[in-house]
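Please open the model in your viewer with a cartoon representation, and keep a selection tool at hand for the stops that follow.

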Amino acid sequence: HGFLGIDYKGEIKINIKQEQRFMSCTIEDNGIGLKKENSKYKKSVSTTLISKFIRKTTKQDVTILDKRNGTPSSSGTIVKFLIPFKLSDND
């Protein structure tokens, strides 16, 4: 979705690392970012359910950032969230 209409090579970076009992996931792209006029972007039912599950199991929200807010010359979006992680049945 974020690469529609760009005139450069789109790139997606995914970083996953273990942080105690969670996997920390960061997804970053260099697409168009979040449009100002669409700040109340439509969420799909599956995205809403996944966000609620992550909030319930990790006590943390999914974070969605427009890279232009930090650096106006940048474009793209960063999404961060935690995933519950079990090493054994005892965890």
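**A tour from the strands to one helix end**

Begin by selecting Cys25, which in this predicted model stands opposite Phe81 of strand 4. Widen the selection to strand 2 (residues 22-29) and strand 4 (residues 77-84), and you will see two strands that pair in the antiparallel sense over seven bridges.

Keep strand 4 highlighted and add strand 3 (residues 63-66), which runs antiparallel to strand 4 and is joined to it by four bridges. Within this pairing, select Thr63, whose bridge partner in strand 4 is Lys80.

Now zoom out to the whole protein chain, where two helices and four strands are present, arranged from the N terminus on in the order β-β-α-β-α-β. If you colour the chain by accessibility, bear in mind that 20% of its 91 residues count as buried, and that its accessible surface comes to about 7400 Å², with 54% of that belonging to carbon and sulfur atoms.

Next, select Thr58, which lies in helix 1 (residues 45-58). Is Thr58 buried or exposed? Its relative accessibility is 7%, and because the cut-off for buried is under 20%, Thr58 counts as buried. Display its side chain and follow it to the backbone oxygen of Ile54, which it reaches at 2.5 Å.

Finally, show the surroundings of Thr58: leaving aside residues up to four places away in sequence, Thr58 touches Phe22, Leu82 and Pro84. For the chain as a whole, among contacts with a separation of 6 or more, 56% are accounted for by residues 24 or more positions apart.

Note on methods: Residues are numbered from 1 along each chain as its sequence is written. This is a predicted model: local features need pLDDT of at least 70, side-chain atom pairs count only at pLDDT 80 or more; totals for chains, interfaces and linings use all residues. Side-chain values use heavy atoms; hydrogens and water are left out. Buried means under 20% relative accessible area, exposed over 50%, partly exposed in between (1.4 Å probe, protein chains only). A polar contact is a pair of N or O atoms within 3.5 Å; within protein, one must be able to donate a hydrogen and the other to accept it, and residues adjacent in sequence count only if both atoms are side-chain atoms. Contact means heavy atoms within 4.5 Å. Accessible areas come from the Shrake-Rupley method with a 1.4 Å probe; for residues, only the protein chains shown count as cover. Two strands pair if DSSP finds at least two bridges between them.
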